[in-house]
Amino acid sequence: LASKRATSGPRTRAARTGVWLIGARGAISSCVSYGLAGMAHGLIAPTGIATEREPLARLALAPLGELVLGGCDVVRRGLDVTVAELARQGILPRELVAACAAEAAAFDARVTPGVLDGPDVGGADLDPRAAQLGAVPPREQIAAVQRDLAEFARAHDLGRAVVVNLASTEAFREPDRAWNDLGSLERALDAGRAQPASIVYAYAALAAGHPFVNFTPNRGASIGALRELALARGVPHCGNDGKTGETLLKATLGPMFAARALRVLSWQGYNMLGNRDGAVLADPAHRQAKLRNKDEALRSILGPGELHTHVGIDFVPSLGDWKTAMDFVHFEGFLGARMSLQLTWHGSDSALAAPLVLDLARLAAFAAERGESGEMAHTACYFKAPIAGGSHAFAEQWRTLERYAAERVR
Ligand SMILES: NC(=O)c1ccc[n+]([C@@H]2O[C@H](COP(=O)([O-])OP(=O)(O)OC[C@H]3O[C@@H](n4cnc5c(N)ncnc54)[C@H](O)[C@@H]3O)[C@@H](O)[C@H]2O)c1
């Protein structure tokens, strides 16, 4: 035994997992960073983090305390500005902010200039370096992102880095034929044709072997060309658009109407929000990109029929991060009786989103560790417009994730 001990030497600590947040100075990123530090200090519980509970907790996931955050942003505004806003709105408790100041400052210092998306030129407090990077040919943008990722992994001796897109909603663009297959996209990149920033980030991550999570409605890795790239490089990815509020309710309540054979005639939704995401969505081109995903789930759950739906989004600055969503469901039962369901959802957008980001980063790192590649269909329950996964019904999506976990417990 003694000689065995001598030859095997001390056990090396498993290399840590990095999480690279695109939009690192935004509200969700701030809640991810303070949430992780707060849990490490024992100040808050992992409420809302499904990977900390059965059955997902039985997977060999990267421990929350071992995650290292890095990222990029396009603004000069420091993390402290976003954090002060979230504290004022009662989302980040003041004692948490005080206790985690050192970790937050270290994270903020690691934030590098991102790639400004073309239509966002002219935004407030932009980092001139991000604006410059936004103007160079896409191959150079990709190389710059990959350099930052490599430096992040080197500086923190990471075994793996997952890239999570938490940037603002991009302006809507009509689909480009060059996005359909990898060959066409490569040719467009070679020709220097500008691409949406989310496509640049997704390409950079996947081509360098980093799993990619797209929490935004932006195109990211959902285009055919990048789905092909992920498979060719053997990298897992998932998206699009985190399912935190109104769509979560629709995905849960919709199947109830369908199962009872009740005829849903109209489903009206009205969202009011006052955070930066809301300010961006006040612009019609950006709002169009977000609204693309809002109806899809409901229509697929309720099937064909004369369903009238509408989702309105308004920017109401006084609400800050407290989003209020009202739903009015008009439906018909036996004898043609017409009834309605009306509900109001009042939630902190960022506090709802941050735990999902941590779940997804851990699940993406886990999938990569196991050599799984392509779309992570088992994460459909986390997204409004899942890239893969079949059903939109929440209970069914959740069972798929449970089955995935059961087949992979340690
Ligand atoms: N909070 C939710 O419940 C929820 C749900 C689903 C999706 N989302 C999406 O998540 C994203 C982030 O939400 P948030 O509330 O944190 O928004 P936010 O506005 O507070 O933060 C976004 C950050 O991204 C930065 N950014 C913009 N363009 C960038 C680029 N090209 N590269 C790097 N950084 C860039 C902005 O400067 C900002 O700091 C949004 O796209 C939102 O639509 C949020």
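Is E85 buried, partly exposed or exposed? E85 is partly exposed, with a relative accessible area of 21%; buried means under 20% relative accessible area, exposed over 50% and partly exposed in between, with a 1.4 Å probe and protein chains only.

This is a predicted model, in which local features need pLDDT of at least 70, side-chain atom pairs count only at pLDDT 80 or more, and totals for chains, interfaces and linings use all residues. Residues are numbered from 1 along each chain as its sequence is written, and side-chain values use heavy atoms, with hydrogens and water left out.

**Salt bridges**

A salt bridge is a side-chain nitrogen of Lys or Arg within 4 Å of a carboxyl oxygen of Asp or Glu. The count by this rule is 20 salt bridges. Three pairs are listed here.

| Pair | Closest N to O distance |
|---|---|
| E85 and R276 | 2.9 Å |
| R129 and D127 | 2.9 Å |
| R227 and E375 | 2.8 Å |

E85 belongs to helix α3 and R276 to helix α12 (residues 276-281), so their salt bridge ties together parts that are 191 residues apart in sequence. Helices (H or I, at least four residues) and strands (E, at least two) are DSSP runs, numbered from the N terminus. R276 is partly exposed, at a relative accessible area of 36%.

R227 in helix α10 (residues 224-233) and E375 in strand β11 (residues 374-375) also link distant parts of the chain, 148 residues apart. R227 is partly exposed at 26% relative accessibility, and E375 is partly exposed at 28%. D127, the partner of R129, is buried at 4% relative accessibility. R370, E372, E407 and R408 are linked in a network of salt bridges.

**A buried aspartate**

D359 is found in helix α15 (residues 349-369). D359 is buried but has no salt bridge, and the nearest side chain of opposite charge, R362, is 5.2 Å away. For charge, Lys and Arg count as positive and Asp and Glu as negative, while His and the chain ends are not counted. A polar atom of the D359 side chain lies 3.0 Å from the backbone nitrogen of A50. Not counting residues up to four places away in sequence, D359 touches G48, I49, A50, T51 and Y382, where contact means heavy atoms within 4.5 Å.

**Nonpolar cores**

A nonpolar core is a set of buried Ala, Val, Leu, Ile, Met, Phe, Trp, Tyr and Cys residues joined through side-chain atoms within 4.5 Å. The largest has 52 residues, of which L21, V164, V213, L358 and Y382 touch the most other members. Helix α15 gives this core its largest share, 12 residues. Leaving aside neighbours within four places in sequence, L21 has contacts that include V32, L69, F107, V164 and V357. Another core, of 36 residues, lies apart from it, with V115, L182, A204 and A225 among its members.

**Backbone features in loops**

The peptide bond from E54 to P55 is cis, with omega near -5°, and P55 lies in the loop between α2 and β2. A second cis peptide bond joins G239 and N240, with omega about -5°. N240 is in the loop between β6 (236-238) and α11 (246-259).

The loop between β6 and α11 also holds D241, which has a positive phi of about 70° although it is not a glycine. D241 is buried, at 1% relative accessibility. D157 has a phi near 50°, a positive value in a residue other than glycine. D157 lies in the loop between α7 (138-155) and β4 and is exposed, with a relative accessible area of 61%.

Conventions
Polar contact = N/O pair within 3.5 Å; in protein donor to acceptor, adjacent residues only side chain to side chain.
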